[in-house]
Amino acid sequence: MRQKIAMILIFTLVPTSFLTIAEKNGKKQTETLHNFYTSKVRENSKIDTSDFNPASIDFSEIEITADKGKKENERIKRLPGQPKVEFKQYGGYVTVDRSAGRAYYYYFVEAHHSPRSSPLLLWLNGGPGCSSLGFGAMEEVGPFRVHSDARTLYLNNFSWNHAANVLFLESPAGVGFSYSNRSADLKSTGDRRSAVDNYNFLVNWLERFPEYKDRDFYIAGESYGGHYIPQLAQTILYHNQNPNHINNTIINLKGIIFGNPTINDETDLKGMYEYYESHALISRQTLDRILRYCDFTDSGNGLSTQCLIGILESERNTAALDVYNIYAPTCNTSPTNQAMNFDPCTDQYVHAYLNRPEVQQALHANITKIPYDWQACSKVIGEWQDSPATVIPLLKDLIAAGLRVWIYSGDLDGRVPVTSTKLSINLLKLNQTTPWLPWYLDGQVGGYTQIYEGNLTFTTVRGAGHEVPSYQPSRALFLIKHFLHGKHLPTSTNLTLFSSSHY
């Protein structure tokens, strides 16, 4: 009887698939992550949560497919409604599996200044199944934002191509404009398939843009990118050590940086409910119930009845909030109500803009006329087969390999909050080399930072939600500039290396 009640409650709480709840214009990145996490901890979940290990993955299908002469054909002269800019931008497809007809869409912007010497930065959004073009490029770190008319663009003065050449990738197939001619690829995918394809994409993209082969390379992103990014980084290191596999390609990976990332299921979930209670969103009694009765470990027995009661109490109390920025208005509150200069209805503007035929033509996108609209988060991917319960072993390996690793956390995000990230970092068992200190931008506290042995930096961004660059663009650009230069964030108002006036 206990199991029957539990199953009734779980199907009341969430759908049976992480991809079955959609808004009118598709799901938000944030909703997708929430539903996916809940599906992972279901007692009957079929998701493989074993560790990611590139040595156990079949990379035999990876091949060089890129046409070296194709680059100039993918130059974007101008996007509809775009203001004049001096930097170059490109968009197009790279085939990652010729036999399946699987191809990934990319959007690339060169740096505002010194593109020939600036590093190359790959941006990956999360979900899983959400678009780096729609979120990363059009709402966060890209050069343009979409006006509310969904027809014109305006400059993002804090675009990350003020610091690097930035590459956005829609991954896996079925996300955004990326596609596969093999229907099975859309019915089932996962972390391992994404890592193989992301690596294959990168190797082939570098063939098309060979001037970046020896450039310092970094990977950035957020949310479920906490899986994609270390998995791709580990895959790169694996192939760098085994260069005979694929065209002797050596990728000059220097570091990774990710925001509000999913790192470890158990601490991600515990930290979320602790954050809710500490910010007066749920009662202490609800938190105690969840911590006592919920087993979020990979070896746990699913969600008990008492656990589900606690979760339902939490859902009831937070249902009317955007828990990815607990103090921000929601779009249906008022289309003109903005939080920290970010319009909560931006998702709708981007959706409308990217589905305009003339925009797709300018982007060199949707060339196969996929039979569905571009969506911010995929509605066509069926099952996510594998998702490790933790990426802590990967982070340990990357730190040991000498990579620069930064983790940042918007302190208003309730979904993968600072409390979760702190708990996850503790699992690395690294000694702290600096105390917990405020960092500054233009004389104001930008957040707090702490450095650990092994080149790991953790920092918060004050006043930012889950998608940090959307809510605090100036602080986010300040952060990425220090990361790329290998400089600590200034913990005194007299130590500022960059200021917002430099942008």
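This is a short tour of one protein model, stop by stop, with something to select at each.

**Before you start**

The model is predicted, so treat everything below as a walk through computed coordinates. Show the whole protein as a cartoon to begin. You should find 15 helices and 15 strands in the protein. Of its 503 residues, 62% are buried. If you switch on the surface, you are looking at about 19,300 Å² of accessible area, and 47% of that area belongs to carbon and sulfur atoms. Contacts also reach far along the chain: among those with a separation of 6 or more, 73% join residues 24 or more positions apart.

**Stop 1: the largest nonpolar core**

Select Phe-201, Trp-205 and Ile-219 and show their side chains. In the largest nonpolar core, which has 81 residues, these three touch the most other members. Now colour helix H5, residues 191-208: this helix gives the most to the core, with 8 residues. There is also a second, separate core of 62 residues, and Phe-135, Trp-160, Trp-439 and Ala-476 are among its members. Keep Ala-476 in mind for the last stop.

As background, nonpolar side chains tend to be buried together in soluble globular proteins.

Next, centre the view on Trp-205. Which residues is Trp-205 in contact with, leaving aside its neighbours within four places in sequence? Add Val-94, Tyr-106, Phe-108, Leu-120, Leu-167 and Tyr-212 to your selection, and you have the set.

**Stop 2: Ser-194**

Stay on helix H5, where Ser-194 has its place. Is Ser-194 buried or exposed? Its relative accessible area is 0%, under the 20% cut-off, so Ser-194 counts as buried.

Show the side chain of Ser-194 and draw a distance to the backbone oxygen of Gly-190: the side chain reaches that oxygen at 2.9 Å. Then select Pro-172. Ser-194 and Pro-172 are 22 residues apart along the chain, yet their C-alpha atoms are separated by 5.6 Å. To see the surroundings, add Ser-171, Thr-189, Tyr-228 and Trp-384, which Ser-194 touches along with Pro-172 once residues up to four places away in sequence are set aside.

**Stop 3: the disulfides**

Hide the side chains and select the cysteines. How many disulfides are there? The count comes to 3. With the bonded cysteines numbered in sequence order, they pair as 1-6, 2-3, 4-5.

- **Cys-130 and Cys-377.** The sulfur atoms of this pair are 2.0 Å apart. The torsion about the S-S bond is about 105°, so this disulfide is right-handed. It links distant parts of the chain, 247 residues apart: Cys-130 lies in the loop between strand S3 (120-124) and helix H3 (132-140), and Cys-377 in the loop between helix H11 (357-363) and strand S11 (383-384). Cys-130 is buried, at 1% relative accessibility, and Cys-377 is buried too, at 0%.

- **Cys-294 and Cys-307.** Here the S to S distance is 2.0 Å. A torsion of about 100° about the S-S bond makes the disulfide right-handed. Cys-294 sits in the loop between helix H8 (284-293) and helix H9 (305-318), while Cys-307 is in helix H9, 13 residues apart from its partner. Cys-294 is buried with a relative accessible area of 8%, and Cys-307 is buried with 0%.

- **Cys-331 and Cys-345.** Their sulfur atoms are 2.1 Å apart. With 110° about the S-S bond, this link is right-handed. Both cysteines are in the loop between H9 and helix H10 (346-354), 14 residues apart. Cys-331 and Cys-345 are buried.

**Stop 4: helix H15**

Finish by selecting residues 473-485, which form helix H15. Draw a distance between its end C-alpha atoms. At 1.5 Å a residue, its 13 residues should span 18 Å, and the ends are 18 Å apart, which agrees.

Why is H15 largely enclosed by the rest of the structure? The reason is that 12 of its 13 residues are buried. Including Arg-475, Lys-481 and His-482, the buried residues also take in Phe-478 and Phe-483. Ala-476, the member of the second core that you met at Stop 1, is one of the buried residues of H15 as well.

Step just past the end of H15 to Gly-486, which takes a positive phi of about 65°. The tour ends here.

Note on methods
Residues numbered from 1 in each chain as written. Predicted model: local features only at pLDDT ≥ 70, side-chain atom pairs only at ≥ 80, totals over all residues. Heavy atoms only, no water. Helix = DSSP H or I, 4+ residues; strand = E, 2+ residues; numbered from the N terminus. Expected span 1.5 Å × (residues − 1). Buried < 20%, exposed > 50% of the residue type's maximum accessible area, 1.4 Å probe, protein only. Core = buried A, V, L, I, M, F, W, Y, C linked by side-chain atoms within 4.5 Å. Contact = heavy atoms within 4.5 Å. Polar contact = N/O pair within 3.5 Å; in protein donor to acceptor, adjacent residues only side chain to side chain. Disulfide = S-S within 2.5 Å. Areas by Shrake-Rupley, 256 points an atom, 1.4 Å probe, with all protein chains shown as cover.
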